[in-house]
Amino acid sequence: MNLEKKELIVKRAYKEVYKCEDHIIKVFNETHPKSDVLNEALNTARVEETGLDIPAVQEVAQIDGKWALVIEYKKGKTLEEMMTSDEANLEKYMEQFVDLQLEMHAQKAPLLNKLKDKLTRQINSLKELDATARYELLTRLESMPKHNKVCHGDFNPSNVIIGEDGKATIVDWAHATQGNASADAAMTYLLFALKDQKKADLYINLFCKKSDTARQYINQWLPIVAAAQLTKNNELEKDFLMKWINVFDYQ
Amino acid sequence: MAEKETLIPEIVDSVETLEAKMKAMREAQKVFATFTQEQVDKIFYEAAMAANKQRIPLAKMAVEETKRGIVEDKIIKNHYAAEYIYNAYKSTKTCGVIEEDPAYGIKKVADPIGLVAAVIPTTNPTSTAIFKTLICLKTRNAIIISPHPSAKACTIEAAKVVLEAAVKAGAPEGIIGWIDVPSLELTNMVMKSADIILATGGPGMVKAAYSSGKPALGVGAGNTPVIIDDTADVKNAVNSIIHSKTFDNGMICASEQSVTVLDSVYEEVKKEFAYRGCYFLKPGEELDKVRKTIIINGALNSKIPGKSAYEIAQLAGVEVPESTKILIGEVESVDISEEFAHEKLSPVLGMYRAKTFDEALEKAAQLVADGGYGHTASLYVHPSQTEKIAKHAAAMKTCRILVNTPSSHGGIGDLYNFKLAPSLTLGCGSWGGNSVSENVGVKHLINVKTVAERRENMLWFRVPEKVYFKKGCMPVALDELGTIMHKKKAFIVTDSFLYKNGYVKPIEAKLDEMGIQHTCFYEVAPDPTLQCARLGTDQMRAFEPDTIIALGGGSAMDAAKIMWVMYEHPEANFEDMAMDFMDIRKRVYTFPEMGQKAYFVAIPTSSGTGSEVTPFAIITDADTGVKWPLADYQLLPNMAIVDVDNMMSQPKGLTSASGIDVMTHAIEAYVSIMASDYTNGLALQAVKTVFDYLPSAYENGANDPIAREKMANASCLAGMAFANAFLGLNHSMAHKLGAFHHLPHGVANAVLLTEVIRYNAVEVPTKMGTFSQYQYPQALKRYAELGRYAGCQGNTDEEVLESFIAKLEDLKEKIGIKKSIQEYGIDEEYFLDTLDDMVEQAFNDQCTGANPRYPLMKEMKEIYLKCYYGK
């Protein structure tokens, strides 16, 4: 496959995304673990099987010695772009966003990896936390109810494409797992809060209302998802995340 | 290999070492389980002493390691955990027999539970470790501690102090253990492998404990709300709260989190708080800064617990004097979205204003719901306000409700109230998801085995206080009513036959002679009805007698008993009084006390029911057809007069039927599971008498006054026997046979008699009647005893039984009893149609319970069929 003629639409430290006529190609750099690439393909395939309308994996390939995923292209704008360009309708977009997330949470994919296992691994890998903090987080995680809902893991408006027909599609299933939907919501809230507390509040209020979930219950997940986010090693976020992590479970 | 297996790890830091450690501890506990109370008490004493001696170093260690709390207060907590716990349980029996009552044959034996898993928090690490290890030693349990990582050194040190002293005093090596390098994996493993969990920890840990599958004594979060009522002693209230809230910088889970003050004393309370060094955060920026500092996303900032008010203010960027005792935020919302409504585990207090006591209660209830279900609530009020105290107690869903008491000190017990058990593990009941709702103590760490030895029921012999008998005795007996009891008004109950034939005259003459006013109700018919009894009762109420004289057969005496009840207790309900019972002493209904208005005299005119000496009466509701059988010793007549002069002219049929009824009473009383030495003699004598005199009484009537008198006595003797030993299946089945097919009661008994005897007299019955005294099937032996006494011969019990049955059949023939139910003209089809109903109702008859053989319904059906066809 020749990538030179293709349009480069995203460039990250570990991947480049090219756009073709009816598909995109995610090319991972050599150091990116093969298993992660295959896992993303598998996750996507499993979510496809739930019946959710998402861009399908078309091919897992090697291009110039690099692993690549060929994924169906969905034409449209990201919800993030639309929220920025059409701020007056923010509330409407947020409703659409929450509805889409709830539709996803209604799905089951019993073979997806388990969210709790993933979070446990992430907490254990955090060397910048002392043993006590990790113990507290793991105890907190252990006490949370274990569910089996499809969770995106990185559900934010930049991962939602609004097609020309107005239909919304969720993309990028690299972090998909099955688990507690409130943890997924907590992660989304955190992603908003890192950028814009107002949007975060708008989001969480809508989510709690539409899903009939108590705010405290989502709050209980915040230290855990903050720890998971900390594994992404973003220095700019560190202070913010540590503040969320350092809470005291009544003893 | 063998050596390796017995190796006890020095450091527990992995699954393997923990497994080995717990295995060794279980072995040690097995030895410990054999220790006597004396040995255990010595160990308990030495361990408490050692912990007490180390209270200062341990407190210093705890503050140094956790960076929370106040050394001087932690010293008190350690001191408390050692001294108060020892004092509370020093004399408590926890080994072997802890309670015994030989008379009742009941013994309680304490066994240890085994291996206790203890989760210990950072807030009170050393004191909780001392507390838990001490109560485990006292109960002969091994205890493995999972310390919190941030307090592991001091927790382990406290456990070590207790362990060393215990071992020195004789406890098995390693009876107290701990995880040296705590992790969630090992904590979970400890909880899953132990026999019980003493979980003190956060909601996460408590949840983990409860989901481990092992019984757990967990505690939960508190959010103690305080109410200061306008009747409270404000100075005492405020200073108690300050004292409690500042104790170890507010880390006791029972400590006050918010205070709701009644409007009229609000300013006074506020002034006192301020005067005593508390800082009121200025509304706006100061309050907000503290809000955002103490709670993050609805959770407590981990930098807060156990810090001083000054430190917390600094953290929030609020300037307060260094000596500030408590930061107080005056807030309005009790909703969980208000940071001050949370548990703060630090000297930070929310303050609310309430217009009324009810509003304050509402606020407190919401604060409890916010995060303190089942824990503790507190009220300051004038002690005379008992209504408010009760209202508060009713409204709080908490397991400790403290009145005029600092809650930190109050909740842990024995400091401000000396009946609240001292403990550092406070149960929160089902509200807090706990298995206990009280302060945890030694009783929760033992299994109590109850050893119950077989005992016999107390039995009784209850008959009328006066039973007068002998031909011509009636006027003499009645004389007492006047000369001794000075009665004024007698109400006579009888039937129209007796009245018209002058039977009442001698009684009336005697009453007139004594100047006792009298009237007579003579409308009782056979199978007396409730309606008839009501009529009699109305007349009785109008007449207001102090004496009731029942003259007649069973019907008149039963009707008179019912009138007696309705006369004395118009409020009593027949349905309740007639409720079946398994044991007359345990019946649900308490029978009203009789005899407050009238003295009851029973004078029988037939020799049959024995109603003059029994506690029974049957009445039929003519409207519904329902029969109400009443049984209670309250229904015993006060005086029975058995004078054969009243019985001379009984017709032949009555003599036969009531005579065989007497026989059935005596036989059933003798083989009843409740038969006793006291009733047996009466029954034996009655059986023999009936055999000897019934044929002549039947044949010769008034011409054989001796036979008549003997039958009168037999009737009364049998009555006293079954009044106390009760009857059996023969009567159950006869009652229903009579009710369904209108056979006279005596005849119904007679046609069933020998078939029921054969049924009962088996050595291997399908089921036996249940009564403590009745040890094994023995009906055969008892029937044989009756037979022998009546003169039946035989080499074995079986032979005597056959002879006894033959003798009964012979008697029946002599007095004109037919061989089968069929011969009495009962239609076969109708009999078969009603059979199942009859069986079920007979099974349910009150008499069935005392039968020596517990019948199955299909067996009863077979008996009915055999008796119907005469085999």
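Here is an informal tour of a two-chain structure, starting with the chains as wholes and ending where they meet. Keep in mind that this is a predicted model.

## The two chains side by side

The table puts the overall values for each chain next to each other.

| Chain | Residues and buried share | Helices and strands | Box along the principal axes |
|---|---|---|---|
| Chain A | 251 residues, 40% buried | 10 helices, 11 strands | roughly 60 × 40 × 35 Å |
| Chain B | 871 residues, 54% buried | 31 helices, 25 strands | roughly 120 × 80 × 55 Å |

How does each chain fill its space? For chain A, the radius of gyration is 18 Å, which agrees with the value near 18 Å that a compact globule of 251 residues would have. Chain B is another story: its radius of gyration is 40 Å, well over the 29 Å that the globule rule gives for 871 residues, so chain B is more spread out than a compact globule.

Contacts in each chain often link residues that sit well apart in the sequence. If you take the contacts in chain A with a separation of 6 or more, 66% are between residues 24 or more positions apart. In chain B, 76% of the contacts between residues at least 6 apart join residues at least 24 apart.

## Inside chain A

Chain A comes in two pieces: domain 1 covers 7-72 and domain 2 covers 77-245. Their C-alpha centres are 22 Å apart. Where the two domains touch, 11 residues of domain 1 of chain A meet 12 residues of domain 2 of chain A. On the domain 1 side, that patch is a mix of 4 nonpolar, 3 polar and 4 charged residues.

Let's look at the sheets next. One open sheet in chain A has 5 strands with antiparallel pairing, in the order β1-β2-β3-β5-β4. At its edges are β1 (7-11) and β4 (57-63) of chain A, each of them paired on one side only. From one strand to the next, the twist averages 25°. Within this sheet, β3 (residues 23-28) and β5 (residues 66-72) of chain A are antiparallel partners joined over 5 bridges. To find that pairing on screen, look for Lys26(A), whose bridge partner in β5(A) is Leu69(A).

Another open sheet of chain A has 3 strands, again with antiparallel pairing, in the order β6-β8-β9. Its edges are β6 (77-78) and β9 (168-170) of chain A; each has a single partner strand, so one side of each is left without a neighbour in the sheet. The antiparallel strands β8 (residues 160-162) and β9 of chain A are joined by 3 bridges, and Ile162(A) stands opposite Ala168(A) in β9(A). A helix packs on this sheet too: α3 (residues 90-105) of chain A touches β8 and β9 of chain A, and its direction makes about 50° with that of β9(A).

## Inside chain B

Chain B is divided into four domains: domain 1 (2-218), domain 2 (225-417), domain 3 (463-647) and domain 4 (653-871). Take domains 3 and 4 of chain B, whose C-alpha centres are separated by 26 Å. Here 21 residues of domain 3 of chain B are in contact with 24 residues of domain 4 of chain B. On the domain 3 side, the elements that give two or more residues are β18 (466-469), β24 (627-631) and β25 (639-642) of chain B. The most comes from β24(B), with 3 residues. By class, this side of domain 3 of chain B has 12 nonpolar, 5 polar and 4 charged residues.

## Where the chains meet

What does each chain bring to the contact? Chain A puts in 20 residues and chain B puts in 29 residues. On the chain A side, α5 (131-143), α8 (215-219), α9 (222-230), α10 (238-245) and β11 (247-248) each supply at least two residues. The largest share, 8 residues, belongs to α5(A). Sorted by class, the side of chain A that touches chain B has 9 nonpolar, 7 polar and 4 charged residues.

There is strand pairing across the chains as well. β11(A) and strand β12 (residues 299-301) of chain B run antiparallel and are joined by 2 bridges. You can spot this by finding Val247(A), which stands opposite Asn301(B) in β12(B).

How values were computed
Residues numbered from 1 in each chain as written. Chains lettered and ligands numbered in written order. Predicted model: local features only at pLDDT ≥ 70, side-chain atom pairs only at ≥ 80, totals over all residues. Pairing = 2+ DSSP bridges. Helix = DSSP H or I, 4+ residues; strand = E, 2+ residues; numbered from the N terminus. Contact = placed C-beta atoms within 7 Å. Axes fitted to C-alpha atoms, helices over the stretch in contact; angles between N-to-C directions. Nonpolar A, V, L, I, M, F, W, Y, C, P; charged D, E, K, R; others polar. Domains from an automatic or database assignment. Rg over C-alpha atoms; globule rule 2.2 N^0.38 Å. Buried ≥ 20, exposed ≤ 12 C-beta atoms within 10 Å, placed from the backbone.
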